[in-house]
Amino acid sequence: MSDESRPSPPGTPVAVVIPAAGRGVRLGPGAPKALRALNGTPMLIHAVRAMAASRAVSLVVVVAPPEGAAEVKSLLDAHALPERTDFLVVPGGESRQESVKLGLDALPPGHDIVLVHDAARPLVPVDTVDAVIEAVRDGAPAVVPALPLADTVKQVEPATAPGAPEPVVATPERARLRAVQTPQGFDLATLVRAHETVTGGVTDDAGMVEQLGLQVVVVPGHEEAFKVTRPLDLVLAEAVLARRRLNDGF
């Protein structure tokens with residue numbers, strides 16, 4: 001059995017890296033996306049709490065905008081977070097990939113499992129976080145939560161001019177496709193190797209591990225783990241929080 005597929009001990013400490021250095025231009029002008037308020041609380045704080053809700057998570061590393069690391073640290077200090085979890089803020093880089101690498105570099109020894117989570121997915125249920133961790137502990141080098149697609153997908157030739165019709169070239173079999181979410185989970189040594197050897201052409205960390213020739217496995221995602229990218233997503237997120245408050249009685 002290779003190092004990448006050896007099961008981790010049940011009590012292995014888990015760290016989370018949250019790259020939050022992007023500006024989120026699709027949400028319009030204003031604060032960076034991760035600092036936008038959701039029900040009066042910055043989206044980043046919701047995302048941090050979602051990760052720290054798992055009892056397996058012992059450390060959350062937030063990778064902040066380089067010029068905003070002190071602000072993010074103050075933000076974490078100002079909000080109630082689980083005392084059993086440690087929190088660390090480090091300055092990020094120019095790209096998401098660079099920011100994740102900086103977050104990995106900041107991890108202290110002893111964390112053999114790492115999750116990478118989008119700050120723009122603030123409402124991930126803890127059961128999803130735990131399912132990802134369990135799959136890594138069972139020996140998977142990389143794990144992604146994902147959902148079946150509700151829509152038919154078309155592969156097209158890109159338009160030759162903005163707004164021009166795009167020719168369809170294929171219709172992939174929908175049953176074999178999944179929409180990937182985060183947190184994505186990894187054996188730490190595998191993810192570090194991926195960041196050291198893979199450059200360009202990837203949109204997520206699991207894709208980097210795929211390029212190493214290692215298997216990535218999927219666990220069920222959750223509809224509330226959607227990414228807040230557009231103004232409409234903020235409305236949906238507020239609705240989810242309102243329903244949770246109603247169900248929880250506060």
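Is Asn39 buried, partly exposed or exposed? Asn39 is partly exposed, because its relative accessible area is 36%, and that falls between the 20% limit for buried and the 50% limit for exposed. Keep in mind that this is a predicted model. Here's a quick tour of a pocket, some salt bridges and a few odd spots in the backbone.

**Backbone and loops**
- Let's stay with Asn39 for a moment: you'll find Asn39 in the loop between β2 (37-38) and β3 (41-42).
- Asn39 isn't a glycine, yet its phi is positive, at about 55 degrees.
- Another one to look up is the peptide bond from Thr182 to Pro183, which is cis, with omega near 10 degrees.
- Pro183 sits in the loop between β10 (178-180) and β11 (184-187).
- Pro165 also has a loop for a home, between β8 (155-156) and β9 (168-170).
- Pro165 counts as exposed because its relative accessibility is 77%, and the cut-off for exposed is over 50%.
- Try picking out Pro165 and Pro122 in the structure: they're 43 residues apart along the chain, and their C-alpha atoms are separated by 35 Å.

**The second largest pocket**
- This pocket has a volume of about 480 Å³.
- It has 18 lining residues, and the closest to its centre are His46, Leu123, Leu241, Arg244 and Asp248.
- Three elements each give two or more residues to the lining: α1 (43-52), α4 (126-137) and α7 (231-248).
- Helix α7 provides the largest share, with four residues.
- Sorted by class, the lining holds nine nonpolar, six charged and three polar residues.

**Two helices from that lining**
- Helix α1 is mostly covered, with nine of its 10 residues buried.
- Among the buried residues of α1 are His46, Met43, Leu44 and Met51.
- On the surface, Leu232, Val235 and Leu236 make up a nonpolar patch, and together they have about 280 Å² of accessible area.
- Leu232 belongs to helix α7.

**Salt bridges**
- The model has eight salt bridges by count.
- One of them joins the side chains of Lys73 and Asp77, at 2.9 Å from N to O.
- Lys73 and Asp77 are separated by about one helical turn, because they're four residues apart in helix α2 (residues 69-78).
- An α-helix has 3.6 residues a turn, so residues three or four places apart point the same way.
- Lys73 is partly exposed, at 38% relative accessible area, while Asp77 is exposed, at 54%.
- Arg96 and Asp205 also meet through their side chains, at 2.8 Å from N to O.
- That pair links distant parts of the chain, 109 residues apart: Arg96 is in helix α3 (residues 96-105) and Asp205 is in helix α6 (residues 205-211).
- Arg96 is partly exposed, with 32% relative accessible area, but Asp205 is buried, with 1%.
- Salt bridges that share partners tie Arg96, Asp118, Arg121 and Asp205 into one network.
- Then there's the salt bridge between Glu224 and Arg244, at 2.8 Å from N to O.
- Glu224 comes from the loop between β12 (216-220) and α7, and Arg244 from helix α7, so this pair is 20 residues apart and links distant parts of the chain.
- Glu224 is buried, with 8% relative accessible area, whereas Arg244 is partly exposed, at 26%.

Technical notes. Residues are numbered from 1 along each chain as its sequence is written. This is a predicted model: local features need pLDDT of at least 70, side-chain atom pairs count only at pLDDT 80 or more; totals for chains, interfaces and linings use all residues. Side-chain values use heavy atoms; hydrogens and water are left out. Buried means under 20% relative accessible area, exposed over 50%, partly exposed in between (1.4 Å probe, protein chains only). On a 1 Å grid over the protein atoms alone, a cavity is a set of points where a 1.4 Å probe fits but cannot get out, and a pocket is an open set with protein on both sides within 12 Å along at least five of seven lines; lining residues have an atom within 4 Å of a point. Grid points are joined across faces, edges and corners, and a volume is the space filled by probe spheres set on the points. Ala, Val, Leu, Ile, Met, Phe, Trp, Tyr, Cys and Pro count as nonpolar, Asp, Glu, Lys and Arg as charged, and the others, Gly among them, as polar. Patches are made of residues with over 30% relative accessible area and no salt bridge: like charges are joined within 9 Å, nonpolar side chains (Val, Leu, Ile, Met, Phe, Trp, Tyr) within 5 Å. Accessible areas come from the Shrake-Rupley method with a 1.4 Å probe; for residues, only the protein chains shown count as cover. A salt bridge is a side-chain nitrogen of Lys or Arg within 4 Å of a carboxyl oxygen of Asp or Glu.
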